[in-house]
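Trainee: Before I accept the labels attached to a model, I would like to hear how each one is justified. Could we go through them in turn?

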Amino acid sequence: MRAADRRKLILSAAGELFIARGYSGVTMEDVLAEVGGSKATLYRHFADKAELFQAAVEALCDEWSKPVHTFTPPDADLAATLTALGGHFAALVLTPQAIALHRLVTAEAERMPEVGRAFFEHGPSAGQGVLAKYLRQARDTGEIDVTDPVRAAAQLYQAMLGDAQMRLLTNSPHKPGDDEVRESISDAVRVFLHGATTSRGNAS
């Protein structure tokens, strides 16, 4: 097996184990038992469990976010594009696996800040960067007026999915259903593009 393939296999197995058992519940020997091979080969790729954990977090985020990075707008309509992209985000961040990884990283980030940074850079920041690209294009063509597309992307993302994601992260008894998530995305895009003030409010 090529070194790159072996590394990918190790990261895949480690990611599943960390999500299932938590950071403290996994040893390098556990990973080795899953992938086979020698301990020397495992340590040739990763110096210790902390390095393996960070690499596994990055690999999971990169793999899961592929649909967002390969997103193609359904048509030229900005509202449809943002709504469709929101659906891609929902399919990524609201899954049980993604929620479990988010909880795991949050639990370890104080002690392992480099893992928190890796998760943010490969996850939320990368996804919001894709959203910001479309906002920047719309700004440059005069379709919207935003000063900072990256900040606007973060705000729009939170409006679309922040509540649903928080309820899942905290195991709220009221879990967001698919229809509710779709409505949240649609409402957030509408308010972002057109505002919430009525014409009467503008007149006054």
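Mentor: What follows takes up the fold, one helix, the cores, the pockets and two single residues.

Trainee: What makes the pattern of this protein one of helices?

Mentor: The model is a predicted one, and in it the protein has twelve helices and zero strands. Read along the sequence, the pattern is therefore α-α-α-α-α-α-α-α-α-α-α-α. The C-alpha atoms fill a box of roughly 75 × 40 × 30 Å along the principal axes, and 39% of the 204 residues count as buried.

Trainee: How do you know that the span of helix α7 agrees with its number of residues?

Mentor: Helix α7 covers residues 96-109, which is 14 residues, and at 1.5 Å a residue the expected span is 20 Å. The C-alpha atoms at its ends are 20 Å apart, so the two values agree.

Trainee: Which residues of α7 are buried, and what covers them?

Mentor: The buried residues are Ala98, Ile99, Leu101, His102, Leu104, Val105 and Glu108. Their cover includes α1 (3-21), α4 (49-64), α6 (78-93), α8 (113-122) and α10 (149-169).

Trainee: Why is His45 called buried?

Mentor: The cut-off for buried is under 20% relative accessible area, and His45, at 18% relative accessibility, therefore counts as buried. His45 is found in helix α3, residues 39-45, and, leaving aside residues up to four places away in sequence, it touches Ala3, Arg6, Arg7, Ile10 and Glu51.

Trainee: Which residues touch the most other members of the largest nonpolar core?

Mentor: That core has 32 residues, and the ones touching the most other members are Leu85, Phe89, Leu94, Leu131, Met160 and Leu161. At least two residues each come from α6, α9, α10 and α11 (178-194), and α10 gives the most, with nine residues. A second, separate core has 27 residues, among them Ile10, Ala13, Leu104 and Val115.

Trainee: What does Phe89 touch, not counting residues up to four places away in sequence?

Mentor: The residues touched by Phe89 on that count are Val68, Gly127, Gln128, Leu131, Tyr157, Met160 and Leu161.

Trainee: How is empty space recognised in the first place?

Mentor: A probe the size of a water molecule is rolled over the atoms, and this shows where empty space is left. About 430 Å³ of space lies in the largest pocket. Of the 25 residues that line the largest pocket, Val93, Phe119, Pro124, Tyr157 and Gln165 are the closest to its centre. The largest share of this lining, six residues, comes from α10.

Trainee: What classes of residue make up the lining of the largest pocket, and what classes make up that of the second largest pocket?

Mentor: The lining of the largest pocket has 16 nonpolar, nine polar and no charged residues. The lining of the second largest pocket has six nonpolar, three polar and seven charged residues. About 340 Å³ of space lies in the second largest pocket. Of its 16 lining residues, Leu11, Ser12, Ala59, Leu60 and Glu63 are the closest to its centre, and α1 and α4 each supply at least two residues of the lining.

Trainee: What makes the phi of Asn171 worth a remark?

Mentor: Most residues other than glycine have a negative phi. The phi of Asn171 is near 55°, a positive value in a residue other than glycine, and Asn171 has its place in the loop between α10 and α11.

Terms used
Residues are numbered from 1 along each chain as its sequence is written. This is a predicted model: local features need pLDDT of at least 70, side-chain atom pairs count only at pLDDT 80 or more; totals for chains, interfaces and linings use all residues. Side-chain values use heavy atoms; hydrogens and water are left out. Helices (H or I, at least four residues) and strands (E, at least two) are DSSP runs, numbered from the N terminus. The expected span of a helix is 1.5 Å times one less than its number of residues. Buried means under 20% relative accessible area, exposed over 50%, partly exposed in between (1.4 Å probe, protein chains only). Contact means heavy atoms within 4.5 Å. On a 1 Å grid over the protein atoms alone, a cavity is a set of points where a 1.4 Å probe fits but cannot get out, and a pocket is an open set with protein on both sides within 12 Å along at least five of seven lines; lining residues have an atom within 4 Å of a point. Grid points are joined across faces, edges and corners, and a volume is the space filled by probe spheres set on the points. Ala, Val, Leu, Ile, Met, Phe, Trp, Tyr, Cys and Pro count as nonpolar, Asp, Glu, Lys and Arg as charged, and the others, Gly among them, as polar. A nonpolar core is a set of buried Ala, Val, Leu, Ile, Met, Phe, Trp, Tyr and Cys residues joined through side-chain atoms within 4.5 Å.
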